[in-house]
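Thanks for sending this one over. Below are a few friendly notes to read alongside the model.

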Amino acid sequence: MQTQPEPPRLDDFLAPAGIKVAVGGFGYEEGTCLVWDTDTWSGTGDPSWVRSGVVLRCYLDGTDISRTAIEGATDLDDPEVQTAVQGMKQHLIAAHGARYLAALQDEIDSMGDPQLLLAQDPVHREAIYRRAGENTASPSLLTLISDVQAKEKTLLAVRSRYAVTLWRFIAHLYRHGLPVKDIARWTGASVASTERRITCVPTAGAAAITGVEQKTWSGYVARDQAPAPDDHVGREPVWHISTVLRHVDTRPGRPGRPPKQV
């Protein structure tokens with residue numbers, strides 16, 4: 001039986017320490033980095049319109065994903081250049097993490113809706129399952145039902161990996177200072193929905209970000225090995241995403257393990 005790959009953990013996402021800033025023409029063939037160089041450029045169709053400055057090129061594993069030019073700058077230490085570098089680093093971090101979501105979304109899209117293999121009409125589908133329950137379905141139909149149920153189980157597992165990856169991706173982007181509107185853009189959600197995810201992390205989200213099961217996270221909270229909820233939505237405990245990240249960053253021992261009580 002083929003094992004499903006684990007969702008990426010927080011440490012699997014690209015961090016600023018993994019981004020190289022290199023002089024133009026060096027280092028961008030492999031790895032992930034920003035390349036800068038002094039350059040000149042001219043306006044389209046007007047050779048007399050010539051400008052000079054620093055050009056920044058952003059590469060992700062050898063693929064050119066963005067670039068910007070800062071007119072009048074001559075050095076990487078120029079404040080305007082440094083501001084642009086920080087922005088492009090955030091872009092690299094987000095583009096790298098988005099690849100995990102895109103791969104899972106492609107997998108989900110490729111499966112479609114397994115129930116459509118039985119029938120598009122819900123009433124017809126219900127009749128098929130009823131026949132199977134009454135042992136009046138043909139062997140070929142029983143095989144089809146079994147295949148559909150297996151596909152649904154696989155689809156559920158992929159969707160679960162997507163949900164966990166999404167929580168970790170949002171936490172990673174928040175940790176590295178991306179504003180809510182940019183997090184929303186990279187995750188394909190609305191700004192309001194993203195704001196709710198950041199300020200009201202439920203037990204499932206906290207467990208996903210921390211890398212443990214939901215019941216394990218609840219056990220940690222009950223034993224004061226994880227932070228108490230920041231609030232409740234109805235009866236559901238919720239945390240701010242910064243609270244969960246602070247717990248991840250300060251807990252001792254291996255990821256997913258609570259501190260031992262002395």
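**Notes on the predicted model**

1. Let me begin with the surface. The chain exposes about 15,100 Å², and carbon and sulfur atoms supply 52% of that area. Please keep in mind that this is a predicted model.

2. Next, the interior. The chain has 262 residues, and buried residues make up 38% of them.

3. On secondary structure, you will find 8 helices and 6 strands in the chain. Their order along the sequence is β-β-β-β-α-α-α-α-α-α-α-β-β-α. In that pattern, four strands are followed by a run of helices, then two strands and a helix.

4. How do the contacts spread along the sequence? Taking contacts between residues at least 6 apart in sequence, 55% join residues at least 24 apart.

5. A point you may want for the bench: how many disulfides does the chain have? The count comes to 0, with a disulfide taken as a pair of cysteine sulfur atoms within 2.5 Å.

6. Why does C33 not form a bond with C58? The closest cysteine sulfur to that of C33 is the one in C58, and it lies 8.2 Å away, which is too far for a bond. Looking from the other side, C58 has its closest cysteine sulfur in C33, again at 8.2 Å and too far for a bond.

7. Are these two cysteines buried or exposed? C33 is buried, with a relative accessible area of 1%. C58 is buried as well, and its relative accessible area is 0%.

Conventions
Residues are numbered from 1 along each chain as its sequence is written. This is a predicted model: local features need pLDDT of at least 70, side-chain atom pairs count only at pLDDT 80 or more; totals for chains, interfaces and linings use all residues. Side-chain values use heavy atoms; hydrogens and water are left out. Buried means under 20% relative accessible area, exposed over 50%, partly exposed in between (1.4 Å probe, protein chains only). Contact means heavy atoms within 4.5 Å. Accessible areas come from the Shrake-Rupley method with a 1.4 Å probe; for residues, only the protein chains shown count as cover.
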